[in-house]
Amino acid sequence: MMSDKLKQVDPSGAERVTLQADACVPGRRRTLRLPWYRVGFSLPILIWQMIFFVFPLLFLLTISFWQVRNFRMVPAFEWTNWRYMLGREFFWDAYAHTFAMASGATVLVSAVAFPCAYTIAFKFRDSARQLLILLLVTPFFTSYLVRTYSWQVFLSDNGILNAAFGYLGFGPLPMLNTTFGSYVGYFTLCLPLVVLLQLFSLMYLDRSLIEAAHNLGAGRVRTVFLVVIPAARIGIVVGALFCFILTFGDFVSPLYLGGGQPPTLSTLITDTTKSGQQWPRAAVIATMMIVTLLIVAFASVKFAYRRRA
Amino acid sequence: MNEHRLINLVLRGFVVLVFVFIFTPIVGSFVFSFNIDRFPSLPLGGFSLHWYETVAADPAIWRAFGNSLLVALVVALVSTLLGFTAAYTDFRYLFFGKSVYMALALLPPTIPVVIMGLAMLSFLSRMGLSGEIYAVMISHIVMCAPFAMAVIRMRLAQMDPNIEAAAWNLGANQWKAMRFVILPFTAPSIFAALFVTMAVSFDEFAVAWFVSGLNETVPVRILNTLQGQVSPTINAIGTIVFITTMTLVILAQLLLMRRQKKPANA
């Protein structure tokens, strides 16, 4: 079943037919025209992303070795910026804090998203599911900044939630400018996406697996942990990975809901860049972040597609 | 059986809670935008259009809207074009290094926006472009083209490659086959890609914040407002943008549905 699908999309099929088509029409030198057409369709994105995506990232790596003299960047090849950043305790504090916050958000968001995605996938009728998916897409069309600001109104000391707590006879609880606030922001940023990604892998799961597990006497919980989660592993891992990438790089939630203390790597970058011309130092932080993300991404893809023993 | 129903009830209740969480800030911002108080609390203050009037009277916001619209239009057109060529290349050709090619075409959205912002700022300012509106357009095209490509590629996956080959066998050259076979088939996804990229660009604040200089877009204006004095005009702007975006999305959806009903004349 799977291989049929693959064959249909496989462009090599089309390629082979092309050659046949050329062979069928004698006298036409289509091979001469082919490169223009092919090049015209294949090259634009390659050129664009080389110039405006790969070059800027490489340039970022380059300027991490440059020097700042008289508020201007001067080309150089020195390890000064690296030594400066990696030798400072505040950098490693920020690194550890960012990594811990992002990991925590990844685990919590995935754990909250899974029961939700599971229920939407298996416990709702098709029409209801369609509606819920539509609702999950809606947040992507609202501004993350506006939602963050809205949370400020809910979470602040004399905000909506604390007023409600007051009526119930307790509080006020500090929520804005706390770690809790950061996490509310991270959930706002990631939860809809993670639920959607998990949902897609659960929806296309082979349901006879679940029936088989039940028939073999596995209980509900055992079935979920030993059958459903392993079978939907790719969606769960990809969702978690996106959550990690988004929260690791987010500077809005930690700053406007978490209070900015202690700083995260992304707030360090914005501070270093926006106040003063210390771009080379910011480039060191950015490079460290990219290396971290590459390692995490590589490890999780490896884990998701690993063959089961 | 009773236990089964109880579990289902709990699970559904949990789904409701998740959706309440997701929609709290969205509905909240809508409600606060009509609220007279600068710091809304319970009980809510009276109804007012004050924040909308403030927004309408602020020339900086009008300029930001103009910038955002211009950027979004250019970005939608260019990134959909680039996305289309990339999706078609992936659909039709197999070549050495294709996985690298695809990675280049798809990776930009996975790079954290702060890093993209810093990279674009340092690179474009070296080229003398930073602070210009083109800088925002260029960065957004890099970030949006992958979305356009994904949308169009999904549509192409539904197409039998033999249809294009059949057109060649019937005497159409490659450009004609493109014009009369591929383009009509992918038309709905091209429109969808235009709207999606427009929405992504219209909403992007971080990279735009780094490179836009004095040419603020709407999200950059919101970010700068957030940093300064708290102002509920953010809610009013957010509501206007949300209604605009949703109108675009719903229009696109209606357009697609009408097109799908009418079979192509061929």
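Biologist: How many helices and strands does chain B have?
Modeller: This is a predicted model. In it, chain B has 11 helices and 0 strands.

Biologist: What pattern does chain B follow along the sequence?
Modeller: Reading along chain B gives α-α-α-α-α-α-α-α-α-α-α.

Biologist: What box do its C-alpha atoms fill?
Modeller: Along the principal axes, the C-alpha atoms of chain B take up roughly 70 × 70 × 35 Å. Chain B has 266 residues, and 47% of them count as buried.

Biologist: Now the contact with chain A. How many residues come from each chain?
Modeller: Chain B puts in 71 residues and chain A puts in 72 residues. On the chain B side, the largest share is the 15 residues from helix α1 (residues 2-32).

Biologist: And how do the residues on that side of chain B divide into nonpolar, polar and charged?
Modeller: The side of chain B that touches chain A has 50 nonpolar residues, 15 polar and 6 charged.

Biologist: Changing topic: which residues have the most contacts inside the largest nonpolar core?
Modeller: Ala117(A), Cys190(A), Leu118(B) and Met120(B), in a core of 152 residues. Helix α6 (residues 133-156) of chain B gives the largest share of this core, 16 residues.

Biologist: Where does the core lie relative to domain 1 and domain 2 of chain A?
Modeller: Between them, because domain 1 (8-63) and domain 2 (88-304) of chain A both give residues to this core.

Biologist: Back to Ala117(A). Which residues is it in contact with, leaving aside neighbours within four places in sequence?
Modeller: Ala117(A) then contacts Val195(A), Gln198(A), Leu199(A) and Leu202(A).

Terms used
Residues numbered from 1 in each chain as written. Chains lettered and ligands numbered in written order. Predicted model: local features only at pLDDT ≥ 70, side-chain atom pairs only at ≥ 80, totals over all residues. Contact = placed C-beta atoms within 7 Å. Helix = DSSP H or I, 4+ residues; strand = E, 2+ residues; numbered from the N terminus. Nonpolar A, V, L, I, M, F, W, Y, C, P; charged D, E, K, R; others polar. Core = buried A, V, L, I, M, F, W, Y, C linked by C-beta atoms within 7 Å. Buried ≥ 20, exposed ≤ 12 C-beta atoms within 10 Å, placed from the backbone. Domains from an automatic or database assignment.
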